[in-house]
Amino acid sequence: MTRHPFVRYTLGFVLGILFYVYLPDWYALPWVAAGVGGTLLVRGYLRYRKQHVKPIQALQGIGGLLVLGALGWVTTYQHTASNRPDNLLNRTDTLYAYVGIVAAQPEERAKTYRVELDLQRGRFGPGKGLPEQVSSHWQRVSGRVIVYLDKQGTTQPRYGEMWLVSGSPRPIDPPLNPGEFDYRRYLRYRSIYHQQYLRPFQRRILASRPPNPITQVATSVNRWADSVFTQQVGSRAEYGIVNAMILGVRDDLDTEMYRVYSVAGAVHILSVSGMHVGILFSVLTLLLGFLLKRPRGKWLMAVLQLLILWFYTLATGFSPPVLRSAAMFTILILANASGRQQQLANTLGVSAFFILCYDPYALFSAGFQLSYLAVAGIGAWQSPLFLSLTFRYKLVNRLWEITAVAIVAQLITFPLGVFYFHQFPTYFLLANPAVMVLSFLLLPLAMVVLAVSGVPYVNEWLGWCLQKLAWLLNATVTQTSLLPGAAWEGLWLSPGALLLLYAMILCSVAALVYRNQQYIWATYGAALLLAGLLVWDDYGQRHQQKIAVHFLPHRTAVSLTGGRASILLTDLDTADRRSYDFYLKNTFGQWGVTALTVAPVRQSPGLSARSPAGGQTPDYGLWVWRGKTLLLVNNLSGRNRWKLPAIVDYLIIRRNALRDWDQLTGRVVARHIIFDDSNKTPLTDRLLREADARGIACFSVRQMGAYVADLD
């Protein structure tokens with residue numbers, strides 16, 4: 001640690017960020033930490049500056065960490081938009097119109113444009129429609145809103161447009177199913193708390209006022225590069241891959257192709273990241289190496305590397321992962337050019353420290369964590385692994401070097417990858433070396449295509465080469481994904497299991513490197529604790545019994561889970577894989593479900609030993625499972641006033657079947673009444689208010705999240 005001071009500084013700063021995120025109301029904490037830390041530093045410097053005593057140095061180190069922790073807490077507080085008094089989140093009155101500026105490059109979706117609006121001012125109070133002009137009643141308001149603009153009859157929005165918008169943004173929903181991706185927290189870390197769906201008539205473009213001229217240039221370069229690739233790469237499949245890899249634009253990427261890359265373990269290629277910057281840096285170092293023999297060649301090489309790296313960063317529209325990596329490699333290039341001996345760990349610490357000063361919430365980005373882990377792991381372990389084997393032929397040695405990079409990167413990042421994405425690519429050793437080689441060719445070739453875009457014939461020939469290289473990359477990944485057992489899916493790690501797995505990996509590697517028996521015992525201890533935790537989780541999953549009514553937008557989803565098998569009663573279209581993956585897949589993964597049977601609620605699935613006994617009519621469906629009765633009601637207003645003879649355990653109201661509580665009188669008595677999301681929200685809200693007045697206990701998945709009952 002003494003040789004890597006910025007590693008210590010960054011760790012202290014990170015502790016301050018974590019304390020703020022988890023203890024935001026402890027306002028005295030940074031003042032106490034700064035006071036105690038400052039006292040230790042000053043006293044240590046004044047009284048013992050001539051004595052190099054380790055205990056005193058340790059106290060000074062603790063003082064420095066406390067001061068940096070306080071700085072991290074304060075910095076995070078200042079970067080948290082909700083702490084501003086004029087933020088929309090802190091307003092209690094109703095916003096019905098506002099002025100906002102398009103603050104980022106809009107994204108094109110299937111039916112909408114996704115736009116981030118930076119609020120400038122708003123009009124609060126009752127009212128309808130667009131105001132004809134800005135008046136003195138408008139008030140200053142801050143915050144960002146995710147706007148989904150209907151594409152029909154609308155041109156693509158541009159960065160810097162100032163909009164006048166009618167309607168009120170609504171807070172972003174929390175995750176409503178167990179294990180569901182927390183989209184609200186993800187946006188909260190980007191200081192976004194609201195969203196709104198807009199029809200074209202709800203907005204008016206007032207002017208163009210880009211908030212940041214540098215970002216304006218970056219978006220312009222990004223659009224220009226996109227137009228070059230559109231012209232030079234004809235095929236849609238190859239164009240989508242090139243656009244995703246080089247510019248970070250995945251609007252034209254086919255959903256099936258994205259799945260193929262994910263299964264093959266090469267999905268990281270499709271997001272511009274530190275790996276792309278690292279590839280470009282390696283290629284530039286190789287191509288410009290001849291400059292080192294010339295006078296002042298180091299500085300000339302550094303200037304050319306920085307120009308090309310930052311042009312690439314500009315072409316990506318200042319993508320945050322690329323910005324982070326460009327900052328890290330800038331420090332590395334300048335250190336090499338100045339002839340100063342630098343340590344990779346300290347370089348990583350410097351870049352991480354300044355990135356977190358600029359955006360403390362980058363710490364919680366999966367891309368940030370995976371990038372720094374991968375680079376740190378490769379720097380520490382790749383060389384020993386590569387040198388452990390040598391081959392006679394240079395080409396084989398080069399291939400082994402790339403393979404060693406893939407092994408180390410996968411080893412150090414796979415626990416975090418499983419934690420976030422819940423799958424592991426089985427054939428990563430087969431796919432990643434080929435993908436890396438093709439990426440080393442494709443990325444610089446794409447930059448050359450941009451450079452010669454105005455040269456006739458040459459641009460067409462290079463564009464053809466780029467298209468064929470992208471085709472080869474697609475074909476390689478596709479063939480890998482078709483191999484049996486290409487992806488190990490349904491994996492789930494708890495935070496405790498994640499920490500124990502990393503402890504086991506780090507201790508085992510340390511035991512191999514340092515040949516120290518203590519690390520071996522630490523590895524055994526971590527492995528035993530991890531095994532115990534996994535066995536305990538497995539026991540709970542094998543003996544679980546759950547009945548759940550899930551949140552699924554505008555649809556029904558009821559699951560009956562016994563052990564590792566589950567039956568899903570739903571009206572979800574089997575072709576709508578995206579809705580299942582976003583809302584339900586993580587739930588069954590967290591519960592350890594390996595056998596999922598889908599039973600459409602529109603027709604009876606038949607009876608079997610593992611299926612719920614039941615039947616359906618146009619008005620209702622009655623199911624019996626593990627001694628519990630479930631009644632799914634579709635219609636209560638028909639001429640046939642059906643009446644069931646017994647009390648049901650769970651009454652699930654679907655498709656606006658209940659409009660008045662008196663409709664249940666004389667028909668059915670239920671222990672639990674649940675509204676799924678196939679009901680209209682205003683109707684459900686009214687019925688909940690009436691139920692509260694009548695003393696009727698009921699549950700709505702829209703307002704309260706998934707209803708889960710444990711029967712064991």
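The following legends describe close-up views of a predicted model of one protein chain.

**Figure 1. Overview of the predicted protein chain, with its 21 helices and 22 strands.** Of the 712 residues in the chain, 46% are buried. Among contacts between residues at least 6 apart in sequence, 66% join residues that lie at least 24 apart.

**Figure 2. Helix α10 (residues 320–337), seen along its 18 residues.** At 1.5 Å a residue, α10 should span 26 Å, and the C-alpha atoms at its ends are indeed 26 Å apart, so the expected and computed lengths agree. The buried residues of α10 are Val322, Arg324, Ser325, Ala326, Met328, Phe329, Thr330, Leu332, Ile333, Ala335 and Ala337.

**Figure 3. Packing of α10 against helix α11 (residues 344–358).** The two axes lie 9 Å apart and make an angle of about 135°. The helices are therefore oblique to each other, and α10 passes α11 in a right-handed crossing. On the α10 side the contact is made by Arg324, Met328, Ile331 and Leu332, and on the α11 side by Thr347, Leu348, Val350, Ser351 and Ile355. Sorted by class, this contact has 6 nonpolar, 2 polar and 1 charged residues. Arg324, Met328 and Leu332, which take part in the contact, are also among the buried residues of α10.

**Figure 4. Surroundings of threonine 75 in helix α3 (residues 54–79).** Threonine 75 has a relative accessible area of 11%; because this falls under 20%, the residue counts as buried. Residues up to four places away in sequence aside, threonine 75 touches Phe13, Leu356, Cys357 and Pro360.

**Figure 5. Crossing of helix α6 (residues 236–247) and helix α15 (residues 458–481).** The axes of α6 and α15 come within 9 Å and cross at roughly 90°, which makes the two helices roughly perpendicular. From α6, Ala237, Glu238, Ile241, Val242 and Met245 meet Leu466, Gln467, Ala470, Trp471, Leu473 and Asn474 of α15. The residues of this contact divide into 8 nonpolar, 2 polar and 1 charged.

**Figure 6. Packing of helix α14 (residues 428–451) against α15.** Here the axes are 10 Å apart and the packing angle is about 160°. Because this angle is over 145 degrees, α14 and α15 count as roughly antiparallel. The crossing of α14 past α15 is left-handed. Helix α14 contributes Ala431, Ala434, Val435, Leu438, Leu441, Leu442, Leu445, Ala446, Val448 and Val449 to the contact. Helix α15 contributes Leu462, Gly463, Cys465, Leu466, Leu469, Ala470, Leu472, Leu473, Thr476, Val477 and Thr480. By class, the contact holds 18 nonpolar and 3 polar residues, and no charged ones. Leu466, Ala470 and Leu473 of α15 take part in this contact and also meet α6.

**Figure 7. Histidine 422 and tryptophan 488, two residues in contact.** Histidine 422 lies in the loop between α13 (394–421) and β10 (423–425). At 13% relative accessibility, histidine 422 counts as buried. Most residues other than glycine have a negative phi. Histidine 422, by contrast, has a positive phi near 60°. Tryptophan 488 belongs to strand β11 (residues 487–489). With a relative accessible area of 55%, tryptophan 488 is exposed. Neighbours up to four places away in sequence aside, tryptophan 488 touches His422, Gln423, Phe424 and Thr426. Tryptophan 488 and threonine 426 are 62 residues apart along the chain, yet their C-alpha atoms are separated by 6.5 Å.

**Figure 8. Arginine 671 in strand β20 (residues 670–675) and asparagine 656 in the loop before this strand.** Arginine 671 counts as exposed, at 54% relative accessibility. Leaving aside neighbours within four places in sequence, arginine 671 is in contact with Ile647, Val648 and Asp649. From arginine 671 to aspartate 649 the C-alpha distance is 5.0 Å, although the two residues are 22 apart in sequence. Asparagine 656 lies in the loop between β19 (648–653) and β20. At 15% relative accessibility, asparagine 656 counts as buried. The phi of asparagine 656 is positive, about 60°, although the residue is not a glycine.

Key. Residues numbered from 1 in each chain as written. Predicted model: local features only at pLDDT ≥ 70, side-chain atom pairs only at ≥ 80, totals over all residues. Heavy atoms only, no water. Helix = DSSP H or I, 4+ residues; strand = E, 2+ residues; numbered from the N terminus. Expected span 1.5 Å × (residues − 1). Buried < 20%, exposed > 50% of the residue type's maximum accessible area, 1.4 Å probe, protein only. Axes fitted to C-alpha atoms, helices over the stretch in contact; angles between N-to-C directions. Parallel < 35°, antiparallel > 145°, perpendicular 65-115°, else oblique. Left-handed = near helix turned anticlockwise from the far one by under 90°. Contact = heavy atoms within 4.5 Å. Nonpolar A, V, L, I, M, F, W, Y, C, P; charged D, E, K, R; others polar.
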